Each structure stands twice: as structure tokens, then as C-alpha cells.
Amino acid sequence: MDIRDAAQSDLPAVAAIHVASWRVAYRGLLSDDYLAQPVADDLNGKWIGMDIPAEDILLVAIEDDTVSGFIYVKGGKHPAYIDNLHVDPARKRAGIGAALMSAAAKALIERGHESAYLTVITDNEGAVNFYRKMGGDFGPKQDELLYGEPVQTYPVHWADLSILAS
């Protein structure tokens, strides 16, 4: 597996992985109506043709010349915000997510960041367990809207990115 900066040509694969990941991980957490077609419309609209701001980080994991996962970090904030981490559902539990988190942490440290955070849906047990294993500090539940869908999330914070980078 290689991890590299995403190119414009990777964005359709990023969108496809994002849609597939949500349809698996968020089944029963978001409405079936939303997961049918609107999720594809929303996420394709987000990624395809996106101009990635210079302060942001979009990394892709490549296996056999195919994108198998990605991480997107908004680096213009302090702490940095990990906006998305998704792996092709067929490749879950292969170490791709951990490798992407580590690579993003290293890139953030190189840019002068010391910490980062994200939010995770409270009932997404696989992701919650993954972020606990990655050493994240969990805050209290909060209510959010995710593309108009009400969800409860935990904020997860890493005060020291070197923990993720190692």
C-alpha cells in the first residue's frame, strides 16, 4: 500500500468510497431514503471537481493502482479538523485507516500543527472503537445535522499528534 497526496483524477474514486462507506457504516443511523440516492448526489457534489485548499490535506491509500481509502483534513484551523476518513468497505480492517491517520498526522506536524480533532456518530461502534484504539480523547455527546439528518456525535481530540504519527 502506498499513501500519497490525492490528484484531481482520484476524486471520483474518493467520492465512490465515501458513498459506499456511508451506505454500510450508516445503515440504520441515517434514513434509508437518504442513503438510497441523495447521499450519492451530496457526496459526488462535494468531491468531484473539488479545488482542494492549499492548507488542507487529502491523502489516498493506493493498492494495486486503485484508491482503497482516503483522509481529508482541514488544516486552516488550529486544531486541525479531520473531516473524513473512509476505507473501501471490502478493505476494512486491513490497516488502511490507521496508516492514513498516521500519514495525515505526520503531514500536519510538518505544517506546524500539534493537535487535531474530529466528530464521530455515537452509534457508529466500529468507528468509535477505532478512534479509541487510535488514542483519541472523547468529549460529551452533542447533537448535529449531517446533510440535514439529525445525529449525535462525540468530539474526539488528539492533543499530541505525535501519538498518531507513530
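Okay, quick one to start: in strand 4, which residue is the bridge partner of Val73? It's Ile82. Keep that pair in mind, because I'd like to build the rest of the talk around it. One thing before we go on: this is a predicted model.

So, let's look at the strands. Strand 3 and strand 4 run antiparallel, with six bridges joining them. They make a hairpin, and there are five residues between the two strands. On the other side of the story we've got strand 2, which also runs antiparallel to strand 3, this time with seven bridges. If you want one example there, find Val60: its bridge partner in strand 3 is Phe70. Strand 2 and strand 3 form a hairpin too, with two residues between the strands, and in that hairpin Asp64 takes a positive phi near 50 degrees.

Now, is strand 3 mostly covered or mostly open? Mostly covered: seven of its nine residues are buried.

Back to Val73 for a second. If we skip its neighbours within four places in sequence, Val73 is in contact with Asp56, Ile57, Ala80, Tyr81, Ile82, Asp83, Ala104 and Leu108. So there's Ile82 again, among the contacts of Val73.

Both of those turn up in the next bit, the nonpolar core. As a general point, nonpolar side chains in soluble globular proteins tend to be buried together. Here, the largest nonpolar core has 29 residues, and the ones with the most contacts inside it are Ile71, Val73, Ile82, Met101, Val120, Tyr131 and Trp158. Several elements give it two or more residues, including strand 2, strand 3, strand 4 and helix 6. The largest share, seven residues, comes from helix 4. Apart from that core lies another one, of 13 residues, with Ala6, Leu11, Ala15 and Tyr72 among them.

Last stop, the largest pocket. Its volume is about 1000 Å³. There are 41 residues lining it, and Leu85, His86, Asn124, Ala127 and Tyr131 are the closest to its centre. You may recognise Tyr131 from the core list. Elements giving two or more residues to the lining include helix 1, helix 3, helix 5 and strand 8. And which element gives the largest share of the lining? That's strand 4, with seven residues. As for what the lining is made of, it divides into 23 nonpolar, eleven polar and seven charged residues.

So to wrap up with strand 4: it pairs with strand 3 through six bridges, and it gives the pocket lining its largest share. That's me done, thanks!

Key:
Residues numbered from 1 in each chain as written. Predicted model: local features only at pLDDT ≥ 70, side-chain atom pairs only at ≥ 80, totals over all residues. Heavy atoms only, no water. 1 Å grid on protein atoms, 1.4 Å probe; cavity = no way out; pocket = protein on both sides within 12 Å on 5 of 7 lines; lining within 4 Å. Points joined across faces, edges and corners; volume = space filled by probe spheres on them. Helix = DSSP H or I, 4+ residues; strand = E, 2+ residues; numbered from the N terminus. Nonpolar A, V, L, I, M, F, W, Y, C, P; charged D, E, K, R; others polar. Core = buried A, V, L, I, M, F, W, Y, C linked by side-chain atoms within 4.5 Å. Buried < 20%, exposed > 50% of the residue type's maximum accessible area, 1.4 Å probe, protein only. Contact = heavy atoms within 4.5 Å. Pairing = 2+ DSSP bridges.
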